[in-house]
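The following exercises are intended for a reader who is meeting this structure for the first time. Please attempt each task before reading its solution.

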Amino acid sequence: MAQPLVSLIGTRSDPLLPDDAISASSNHTDLPSGRYHRTWVRKGHECGWPPCGIHPAPPALWIQFKLDGVTELHKIQVWKVDGTIDMVKVSYSMDLEHWKWYSPDLSCPDDHKLIQPFKAIVVRLHPTRSEGGTPGSLQAEMWGKKLTVFIREKLTMPHDPQCQYRTNLLHQLLLDDSFADCKIVCGSATMKCHRSILAAASPV
């Protein structure tokens, strides 16, 4: 049975992502009770998140979401609440150091089922406008699947530094697909992986 998609950000009345997991390149105000706070990116507020200052194009302008662990993103919905936003660019990362751009860009406002789902821990949305200058305010929602790492029980026993070291090593291998030495093919989907991860997850 396929794992259902879950909402990742939530709404004003039902916030799912903690406030401190949302950050931005700029804000008009960062007072939790003030207008135009970065958390107003959640649907249901009278306005959205508006950047402060002049940032003609990404990557200088962004609002960032730190997700609860490795998540496979499948759908992103974007709204322009006030002002002009023509497109929203999407970048994502596993470690806040190495970033990738999703293609194609997302038209705004619209509900986008991603042509190629991607895995990330951190996602940034970069609103843009064709005539340059600062875009208006943005609200967004994302849907995805939280991924689970399956590791042999003997590698996850508590109070054992060696076991914890091996667990952390396997976790890093899962996140890094640059030097993957095999791939799993399921229908039209392909996922890069490491033989060591498959061996650790295998019950035999």
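The model shown is predicted.

**Exercise 1. Decide whether Asp-105 is buried, partly exposed or exposed, and find its salt-bridge partner.**

Solution. Begin with the accessibility: the relative value for Asp-105 is 30%. Partly exposed covers the range between the limit for buried, under 20%, and the limit for exposed, over 50%. Asp-105 is therefore partly exposed.

Next, look for the partner. The side chain of Asp-105 meets that of Lys-89 in a salt bridge, with 2.7 Å from N to O. Lys-89 belongs to strand β4 (residues 87-93), while Asp-105 sits in the loop between β5 (99-101) and β6 (106-107), so the salt bridge ties together parts 16 residues apart in sequence. Lys-89 is also partly exposed, because its relative accessible area is 26%.

**Exercise 2. State how many salt bridges the whole structure holds, and describe the one formed by Lys-146 and the one formed by Arg-195.**

Solution. The search of the whole structure yields 4 salt bridges. Among them is the pair of Lys-146 and Asp-68, whose closest N and O atoms are 3.7 Å apart. This pair links distant parts of the chain, 78 residues apart: Lys-146 is in strand β8 (residues 137-146) and Asp-68 is in strand β3 (residues 63-82). The accessibility of each partner comes next. Lys-146 has a relative accessibility of 39% and so counts as partly exposed. Asp-68 reaches 59% and is therefore exposed.

Turn now to Arg-195, which forms a salt bridge with Asp-181; the closest N and O atoms are 3.7 Å apart. Here Arg-195 lies in helix α2 (residues 195-201) and Asp-181 in the loop between α1 (161-175) and β9, with their positions 14 residues apart in the chain. Arg-195 is exposed because its relative accessible area is 53%, and Asp-181 is partly exposed because its value is 39%.

**Exercise 3. Give the number of helices and strands, and write their order along the sequence.**

Solution. The protein chain contains 2 helices and 10 strands. Their order along the sequence is β-β-β-β-β-β-β-β-α-β-β-α.

The pairing of strands can then be examined for β7. Strands β3 and β7 run antiparallel and are joined by 11 bridges; within this pairing, Leu-73 has Phe-118 of β7 as its bridge partner. Strands β4 and β7 are also antiparallel, with 7 bridges between them. There, Lys-89 has His-126 of β7 as its bridge partner.

**Exercise 4. Locate Val-123, decide whether it is buried or exposed, and list the residues it touches.**

Solution. Val-123 is part of strand β7 (residues 110-128). Its relative accessible area is 0%, so Val-123 is buried. Leaving aside residues up to four places away in sequence, Val-123 touches Ile-63, Gln-64, Phe-65, Leu-67, Leu-73, Val-90, Ser-91, Tyr-92, Phe-118 and Met-142. A further distance concerns Met-94: its C-alpha atom is separated by 9.0 Å from that of Val-123, although the two residues are 29 residues apart along the chain.

The chain as a whole may be considered alongside this residue. Of its 204 residues, 39% are buried. Among contacts with a separation of 6 or more, 69% are between residues 24 or more positions apart.

**Exercise 5. Identify the residues that make the nonpolar surface patch of about 230 Å², and place Ile-184.**

Solution. The patch is made by Ile-184, Met-191 and Leu-198. Ile-184 belongs to strand β9 (residues 182-186). With a relative accessibility of 35%, Ile-184 counts as partly exposed, because its value falls between the two cut-offs. For the whole protein chain, the accessible surface is about 11900 Å², and carbon and sulfur atoms account for 56% of that surface.

**Exercise 6. State the number of disulfides, and classify Cys-47 and Cys-182 by accessibility.**

Solution. A disulfide requires a pair of cysteine sulfur atoms within 2.5 Å. By this rule, the count is 0. For the classification, Cys-47 has 6% relative accessibility and is therefore buried. Cys-182 has a relative accessible area of 21%, so Cys-182 is partly exposed.

Definitions and conventions
Residues are numbered from 1 along each chain as its sequence is written. This is a predicted model: local features need pLDDT of at least 70, side-chain atom pairs count only at pLDDT 80 or more; totals for chains, interfaces and linings use all residues. Side-chain values use heavy atoms; hydrogens and water are left out. Patches are made of residues with over 30% relative accessible area and no salt bridge: like charges are joined within 9 Å, nonpolar side chains (Val, Leu, Ile, Met, Phe, Trp, Tyr) within 5 Å. Accessible areas come from the Shrake-Rupley method with a 1.4 Å probe; for residues, only the protein chains shown count as cover. Helices (H or I, at least four residues) and strands (E, at least two) are DSSP runs, numbered from the N terminus. Buried means under 20% relative accessible area, exposed over 50%, partly exposed in between (1.4 Å probe, protein chains only). Contact means heavy atoms within 4.5 Å. Two strands pair if DSSP finds at least two bridges between them.
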